[in-house]
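These are my notebook entries on a protein model. I record what I looked up, entry by entry.

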Amino acid sequence: MGILERSHLTIIREVAREGSLTAAGTRLNLTQPALSHSIRKIEQQLGVRIWRREGRSLVLTQAGEWLLSLANRLLPQFELAESRIEQFANGGRGTLRIGMECHPCYQWLLKVVSPYLERWPKVDVDVRQKFQFGGIGALFSNEIDILVTPDPLYKPGLKFTPVFDYELVLAVGPEHPLRKAKFVLPEQLADETLITYPVPSERLDIYTQFLQPAGIGPRQQKQIETTDIMLVMVTHGRGVAALPRWLVEEYSSRFELYPVKLGKQGIAKQIFLGHRETDDNTRYLCNFIEFAASPHLVVS
């Protein structure tokens, strides 16, 4: 039985991630013949079949699936360790990996990232939205360093810091009958098309804090990933959307939108930044959180 090496896990991960030898070879800086040779050599060294061919595709065997799971857990740990060692060697040089669980928060994040990069010239920022293990899992597996979320899930080893307060409102277009309403009740959305980001309804506040407690659902739900397209649809009367008030107001110069309070009391929310407790002494990470929470950071 051969020895399992990190390079084996890297090849397994990249072939599975890219779906073809050509694309994986490009990522690994290997030609397709060289990658094919490496794959055969890995199987010979380990004494087990990792892939099987189905037509032109390579499909992982049961052993290959287990090794892929191992690669997805271990490789981010190696990458984090190397990044941290580099930071120690270079006095704060590194990459702050930010995970987003808040689709409309990109505009807010831009207002934090731009001056932050000026303050930390040796630090880069990488923003990620799709995670191998979900947002909390991405923190634990070291895929990301900071998680931006409106719904913190408190777990041992993680810390969440509230950095920004906002109100969730209903965005409607210029011809919508609710345009001038002081507030909207759940039953008034029963005949509406609700436009949302592609997020499960159990993670959308418009459902969990507004519609579901009243036993109400919209006539139809449309999922749109891009904020601009969502707002174009709302402006042209194709539906309504639940968004932060600051975002609706910020886009009002480009789209004719009107924010309406959700219920008499409204829905108050916060943006949280989550990080690992083990990173409490990472200066540039802690400074990002402090800067994001600064009252001098104005979102308008």
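**Entry 1. Whole chain.** I began with burial: 47% of the 300 residues in the protein chain are buried. I note that the model is predicted. For the extent, I find that the C-alpha atoms fill a box of roughly 70 × 50 × 35 Å along the principal axes. The secondary structure amounts to 10 helices and 12 strands. I then looked up the contacts with a separation of 6 or more, and 72% of them join residues 24 or more positions apart.

**Entry 2. Strand 3 and its partners.** I turned to strand 3, residues 94–100, and asked how many of its 7 residues are buried. The count is 6, and I describe the strand as mostly covered. On pairing, strand 3 runs parallel to strand 4, residues 123–128, and 6 bridges join the two. Within this pair I located Leu96, whose bridge partner in strand 4 is Val125. Strand 3 also pairs with strand 5, residues 146–149, again in the parallel sense, over 3 bridges. Here I located Met100, whose bridge partner in strand 5 is Val148. I also traced the connection from strand 3 to strand 4: with helix 5, residues 106–119, the two strands make a β-α-β unit, and the unit is right-handed. For reading the side chains I keep in mind that, in a regular strand, they alternate between the two faces of the sheet.

**Entry 3. Helix 2 against helix 3.** I looked up the axes of helix 2, residues 21–28, and helix 3, residues 32–46; they come within 9 Å and cross at roughly 95°. An angle of 65 to 115 degrees counts as roughly perpendicular, and I therefore record helix 2 and helix 3 as roughly perpendicular to each other. From helix 2, the contact is made by Leu21, Thr22, Ala24, Gly25 and Leu28, and from helix 3 by Gln32, Leu35, Ser36 and Ile39. Sorted by class, the contact has 5 nonpolar and 4 polar residues, with no charged ones.

**Entry 4. Two asparagines with positive phi.** I kept in mind that most residues other than glycine have a negative phi. Asn29, which is not a glycine, has a positive phi of about 60°. I place Asn29 in the loop between helix 2 and helix 3. Is Asn29 buried or exposed? Its relative accessible area is 72%, and the cut-off for exposed is over 50%, so I record Asn29 as exposed. Asn142 likewise has a positive phi, near 65°. This residue sits in the loop between helix 6 (134–140) and strand 5. With a relative accessible area of 5%, against a limit of under 20%, Asn142 is buried.

**Entry 5. The hairpin of strands 1 and 2.** I examined strand 1, residues 51–54, and strand 2, residues 57–60, which pair in the antiparallel sense over 4 bridges. Arg52 has Val59 of strand 2 as its bridge partner. The hairpin has 2 residues between the strands, and Gly55 takes a positive phi near 70°.

**Entry 6. Lys41.** I closed with Lys41, which I find in helix 3. Its relative accessible area is 47%, and I record Lys41 as partly exposed. I also looked up how far Lys41 is from Gly134: the two are 93 residues apart in sequence and 33 Å apart in space, C-alpha to C-alpha.

How values were computed: Residues numbered from 1 in each chain as written. Predicted model: local features only at pLDDT ≥ 70, side-chain atom pairs only at ≥ 80, totals over all residues. Heavy atoms only, no water. Buried < 20%, exposed > 50% of the residue type's maximum accessible area, 1.4 Å probe, protein only. Pairing = 2+ DSSP bridges. Right-handed = clockwise from strand over helix to strand, strands pointing away. Axes fitted to C-alpha atoms, helices over the stretch in contact; angles between N-to-C directions. Parallel < 35°, antiparallel > 145°, perpendicular 65-115°, else oblique. Contact = heavy atoms within 4.5 Å. Nonpolar A, V, L, I, M, F, W, Y, C, P; charged D, E, K, R; others polar.
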